[in-house]
Amino acid sequence: MSKLSRHAAIRELVSKQEIVSQDEMRRKLYRQGHRVTQATLSRDIHELRLVKTAEGYKLPQDDAEDGFLPSLERLIREFVYDAISTQNMVVVKTSAGSAQPVSAALDAEEWEEVVGTIGGDDTILVIAPDAKQAEKVAARIRGYLR
């Protein structure tokens, strides 16, 4: 599992339930398929800027308000390596495990040229109303890659 998906799992855990210790968090992540050491989890907690309170770990206020997604531009620069349009669709290739967060970020942007997205493991299918709009989306994504 990728670091990005692990971070998303950690954010979801602490936003939905009380997690009072790193060991408890590590065990819950393990049940979700994330094999993580205490050292890695400690780094993740630091990177996510989690705050330990009497009720357990909490997200910082600014992350709680933005829906937990990094900017689309950052996600594309870090994880996308190609965008190809075909008819009214765009196939976006990402590194392994990164398609879901990039797809969610694309949806959150609410581009008028995007009808919807489907994110797999390393590929996103973006649906546009027509071929012209699909090429516009692909070009926009490729523009972030430079």
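Helices in this tour are DSSP runs of at least four residues, numbered from the N terminus. The structure on display is a predicted model.

**The whole chain**

Begin with the entire protein chain in cartoon representation. The protein chain contains 7 helices and 6 strands, and along the sequence these elements are arranged as α-α-α-β-β-α-α-β-β-α-β-β-α. Aligned to its principal axes, the C-alpha trace extends over about 55 × 25 × 25 Å.

Next, display the surface. The accessible surface of the protein chain amounts to about 8200 Å², and carbon and sulfur atoms contribute 49% of that area. Of the 146 residues in the protein chain, 40% are buried. Among contacts with a separation of 6 or more, 55% involve residues 24 or more positions apart.

**Helices H1 and H3**

Select Arg6 and Asp44 and show their side chains. The two residues form a salt bridge in which the closest N and O atoms are 2.5 Å apart. Arg6 belongs to helix H1 (residues 3–16) and Asp44 to helix H3 (residues 38–47), so this pair ties together parts that are 38 residues apart in sequence. Are the partners buried or exposed? Asp44 is buried, with a relative accessible area of 2%. Arg6 also counts as buried, at 13% relative accessibility.

**Helix H2**

Move to helix H2 (residues 22–31), where Asp23 and Arg26 both lie, 3 residues apart, or about one turn of the helix. Their side chains meet in a salt bridge with an N to O distance of 2.8 Å. Asp23 is partly exposed at 38% relative accessibility, and Arg26 is likewise partly exposed, with a relative accessible area of 27%. Add Arg27 to the selection: Asp23, Arg26 and Arg27 are linked in a network of salt bridges.

**Helix H5**

Select Glu73 and Arg77 in helix H5 (residues 72–79), where the two are 4 residues apart and separated by about one helical turn. A salt bridge joins Arg77 to Glu73, with the closest N and O atoms 3.1 Å apart. Both ends are partly exposed: Arg77 has a relative accessible area of 47%, and Glu73 stands at 39% relative accessibility. The pairs visited so far belong to a wider set, for a search of the whole structure finds 10 salt bridges.

**Helix H6 and the residue after it**

Colour helix H6 (residues 99–109) by burial. Which of its residues are buried? They are Ala99, Pro101, Val102, Ser103, Ala105 and Leu106. Continue to Glu110, which follows H6 and has a positive phi, near 55 degrees.

**Charges over rings**

Show Tyr30 together with Arg35. The charged end of Arg35 sits over the ring of Tyr30, at 4.0 Å from the ring centre. Then select Trp111 and Arg140. Here Arg140 lies over the face of Trp111, with a distance of 3.9 Å to the ring centre.

Finally, highlight the rings of Phe, Tyr and Trp. How many aromatic pairs are there? With ring centres required to lie within 6.5 Å of each other, the count comes to 0 aromatic pairs.

Methods. Residues numbered from 1 in each chain as written. Predicted model: local features only at pLDDT ≥ 70, side-chain atom pairs only at ≥ 80, totals over all residues. Heavy atoms only, no water. Phe/Tyr/Trp six-rings, centres within 6.5 Å; stacked < 30°, edge-to-face > 60°. Lys NZ or Arg CZ within 6 Å of the ring centre and 35° of its normal. Salt bridge = Lys/Arg side-chain N within 4 Å of Asp/Glu carboxyl O. Buried < 20%, exposed > 50% of the residue type's maximum accessible area, 1.4 Å probe, protein only. Contact = heavy atoms within 4.5 Å. Areas by Shrake-Rupley, 256 points an atom, 1.4 Å probe, with all protein chains shown as cover.
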